[in-house]
Amino acid sequence: PLRARALALQGACSLHRGDLHGALALAAEGDLLAGEDLTALAELAALKSHLNFFSGSYAAALAEAELAVELADRSGDLLLRVFARRIGCVVFGNMGVASWPERLQVLLDMTIAAGEPWEEAMSRNDLAHLRMEHGDIAGAEAELARAEAVVSALPRHSFALAVVNCTRAEVRLRAERPQEALPDADRAVALLIAMGDPNPYLLGMAVLVKVQVL
């Protein structure tokens, strides 16, 4: 099971760099080693939810995301429960599942209870995006301000800050304030590129938002 967890982590790193095929091979190898270990199974299910999502298998992505949450809840480990829900955000949020607002609020509450500021900031970022979608621009900007305050206290925060800036650019664009949105979009792209090996999904989103702003 420990080897399976290591493979899941390595697979997540590969996926973060855009190596979908490499991540898929690692997940398949991990499946053979996980046994009945709830933590290993949950982490592998979380990885496979992203693999399926980014390869266009949306039903499978949703099933794996649900499984990861279920397994994590069965383990009773708060940090694992936060992790499974955080990974599931990409699937639940982009697919617009009916329970997404409730799921997001539960995750935010868990991140605060667990004392996980990075996870809290990302949850607030997602909540800001949801409020923007519902037309609550002021509420979205308030959540982003809270997210940025949490992120700024972290020693290494370039990725999280890039996420927040990308979302804020989108919010300001939605509010028809493109001149305010452009610096945020520029900052998001610059932060990601400066990391040297940027996440292709997030970089693509940041560039798309900048193009829309321009």
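Is Arg124 buried or exposed, and what is its relative accessible area? The legends below take up this residue and three other close-up views. The model is predicted: local features need pLDDT of at least 70, side-chain atom pairs count only at pLDDT 80 or more, and totals for chains, interfaces and linings use all residues. Residues are numbered from 1 along each chain as its sequence is written, and side-chain values use heavy atoms, with hydrogens and water left out.

**Figure 1. Surroundings of Arg124 in helix 7.** Arg124 is buried, with a relative accessible area of 13% (buried means under 20%, exposed over 50% and partly exposed in between, for a 1.4 Å probe and protein chains only). Apart from neighbours within four places in sequence, Arg124 is in contact with Leu108, Ile112, Glu143, Arg146 and Ala147 (contact means heavy atoms within 4.5 Å). Helices are DSSP runs of H or I with at least four residues, numbered from the N terminus.

**Figure 2. Packing of helix 7 and helix 8.** The axes of helix 7 (residues 117–133) and helix 8 (residues 137–152) come within 8 Å and cross at roughly 165 degrees. Helix 7 is therefore roughly antiparallel to helix 8 (the term applies to angles over 145 degrees). Axes are lines fitted to C-alpha atoms over the stretch in contact, and angles run from 0 to 180 degrees between N-to-C directions. The crossing is left-handed, meaning that the near helix is turned anticlockwise from the far one by less than a right angle. Helix 7 contributes residues including Pro117, Glu120, Arg124 and Met132 to the contact, and helix 8 residues including Ile137, Glu143, Arg146 and Val151. The residues of this contact divide into 11 nonpolar, two polar and five charged (Ala, Val, Leu, Ile, Met, Phe, Trp, Tyr, Cys and Pro count as nonpolar, Asp, Glu, Lys and Arg as charged, and the others, Gly among them, as polar).

**Figure 3. Cysteines Cys13 and Cys89, neither in a disulfide.** The structure holds zero disulfides, a disulfide being a pair of cysteine sulfur atoms within 2.5 Å. For Cys13, the nearest cysteine sulfur is that of Cys89, 19 Å away. Cys13 is partly exposed, at a relative accessible area of 36%. For Cys89, the nearest cysteine sulfur belongs to Cys166, at 16 Å. Cys89 counts as buried, with 7% relative accessibility.

**Figure 4. Backbone at Glu176, between helix 9 and helix 10.** Glu176 is placed in the loop between helix 9 (158–174) and helix 10 (178–194). Although not a glycine, Glu176 has a positive phi of about 60 degrees. Most residues other than glycine have a negative phi. Glu176 counts as exposed, at 70% relative accessibility.

Technical notes: Helices (H or I, at least four residues) and strands (E, at least two) are DSSP runs, numbered from the N terminus. Angles under 35 degrees count as roughly parallel, over 145 as roughly antiparallel, 65 to 115 as roughly perpendicular and the rest as oblique.
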